[in-house]
Amino acid sequence: MSGGETARGRVGVRDVARVAGVSAQTVSRVLNDNPRIREETRRRVLEAMAQLDYRMNNAARSLGTKTSRTIGLIVSDATLYGPAVAVAAIEAAARDAGRWVAAVYADAADATSVGDAARHLFGQGVDGVIVVAAHGRTVAVATEVAGGVPVVPFHAHDAGSAQRAAVESTVAHLVDLGHERLARVAGPADWIDEIARADGYADAVRAHGARSVGQWRGDWSAAAGSALAAEVADAVRARRGPTAIVCANDQLALGLIAGLAEAGVDVPRDVSVVGFDDNPDAAFYRPALTTVRLDVTGEARRCVAEVLGAEPVEGGVASTLIVRSSTARPRTASGDAGLLASSTM
């Protein structure tokens, strides 16, 4: 029989309690460093744990306490840069708060998938759930089955305001360069991130006296940006077409820039392009991408604090505009794209 096992299998709290001559609840209190445990009792429990090669687990620790010391994550698509970075930041913030993370992946378009994921996490007794890269319906379904356990969307509340402000900074940058006619390549319409970024764009265009002269919608991927490039190129060539494109994320911008190059439209000479997220490759795009960097670490700390009912993190979620070479002044003082049409057709 190997260490950490009994005749019945892996050593548990009750095995430790039997050898130490105490109750299972007392063992749980020792595991949770309860100050009311007598030192003699603590010593007996620790000696029994060593004798049995007991390996502590969170389920055992949750006996006699109201917390599992675990935060659940529901992740829609960890293959995208934004969600992947969010998961890493949440794990680090949870660890700093003395918690572990349990992640499940769900198809956000499938309410059954989301519900099953949420029930699995709540069945493990998690302290709360953070929903990453969420659709509105993902949060609604998770909350419906939560039974009062906190459900916190990543990039919501103040973070949603930060995303709107971040897009506002990109529009202000383009207007300062002399762009008056803007267009947008959007993400999926029902994602919380997309809603915040779309609202920020619409508000900023109005506030800065610019005009929005087009919109195309993708699925966050570079492939989607590339697939839309021919339509965008036609719009750029049209008289009074857009002289700058605001993309909902960096991957869409990457695909768009590549597709525009194939269509004979140069960035930024013929049209400026802006992204969102500042992924690690953005500085190495050709041209290097002007984009927005959000304080993902700060947002992760906010979400963990909200789940645990702690004091709110001070300062809100900041954003920074990173200006690179994918944006420049429009080709002519009047922004007349007709010159482009005649030179490339």
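These notebook entries record what I looked up in one predicted protein model.

**Entry 1: Ground rules**

I worked with a predicted model, in which local features need pLDDT of at least 70 and side-chain atom pairs count only at pLDDT 80 or more, while totals for chains, interfaces and linings use all residues. Residues are numbered from 1 along each chain as its sequence is written, and side-chain values use heavy atoms, with hydrogens and water left out.

**Entry 2: The whole chain**

I began with the secondary structure and found 13 helices and twelve strands. Helices (H or I, at least four residues) and strands (E, at least two) are DSSP runs, numbered from the N terminus. Of the 345 residues in the chain, 52% are buried; buried means under 20% relative accessible area, exposed over 50%, and partly exposed in between, with a 1.4 Å probe and protein chains only. I noted an accessible surface of about 15700 Å², of which 51% belongs to carbon and sulfur atoms. These areas come from the Shrake-Rupley method with a 1.4 Å probe, and for residues only the protein chains shown count as cover. Among contacts (heavy atoms within 4.5 Å) with a separation of 6 or more, 73% join residues 24 or more positions apart.

**Entry 3: The sheet with strands 3 to 6**

In what order do the four strands of this open sheet lie? I read the order as 4-3-5-6, with parallel pairing. Two strands pair if DSSP finds at least two bridges between them. Strand 4 (100–105) and strand 6 (151–153) are the edges; each has a single partner strand, so one side of each is left without a neighbour in the sheet. On average, neighbouring strands are turned by 25 degrees against each other, direction ignored. Axes are lines fitted to C-alpha atoms, for helices over the stretch in contact, and angles run from 0 to 180 degrees between N-to-C directions.

I then followed strand 3 (residues 70–75), which runs parallel to strand 4 and is joined to it by six bridges. Thr 70 has Trp 100 in strand 4 as its bridge partner. Helix 7 (residues 136–144) packs on this sheet and touches strand 3, strand 5 (129–132) and strand 6, its direction making about 170 degrees with that of strand 6. Helix 12 (residues 296–308) also touches strand 3, strand 5 and strand 6, at about 165 degrees to the direction of strand 6.

**Entry 4: One residue of helix 7**

Is Thr 138 buried or exposed? I found Thr 138 in helix 7, and it is buried, with a relative accessible area of 1%. Leaving aside residues up to four places away in sequence, Thr 138 touches Ile 74, Ser 76, Ala 108, Val 114 and Val 131.

**Entry 5: The sheet with strands 7 to 10**

I found another open sheet of four strands, in the order 8-7-9-10 with parallel pairing. Strand 8 (211–217) and strand 10 (272–274) are its edge strands, each pairing on one side only. Strand 7 (residues 181–186) pairs with strand 8 over five parallel bridges. Gln 215 in strand 8 is the bridge partner of Arg 184. Helix 10 (residues 222–237) packs on the sheet, touching strand 7, strand 8 and strand 9 (244–247), and its direction makes about 160 degrees with that of strand 8.

**Entry 6: Helices 2 and 3**

I last looked at helix 2 (residues 24–31) and helix 3 (residues 39–52), which pack at about 90 degrees with their axes 10 Å apart. They are therefore roughly perpendicular to each other, the term for 65 to 115 degrees.

Note on methods
Angles under 35 degrees count as roughly parallel, over 145 as roughly antiparallel, 65 to 115 as roughly perpendicular and the rest as oblique.
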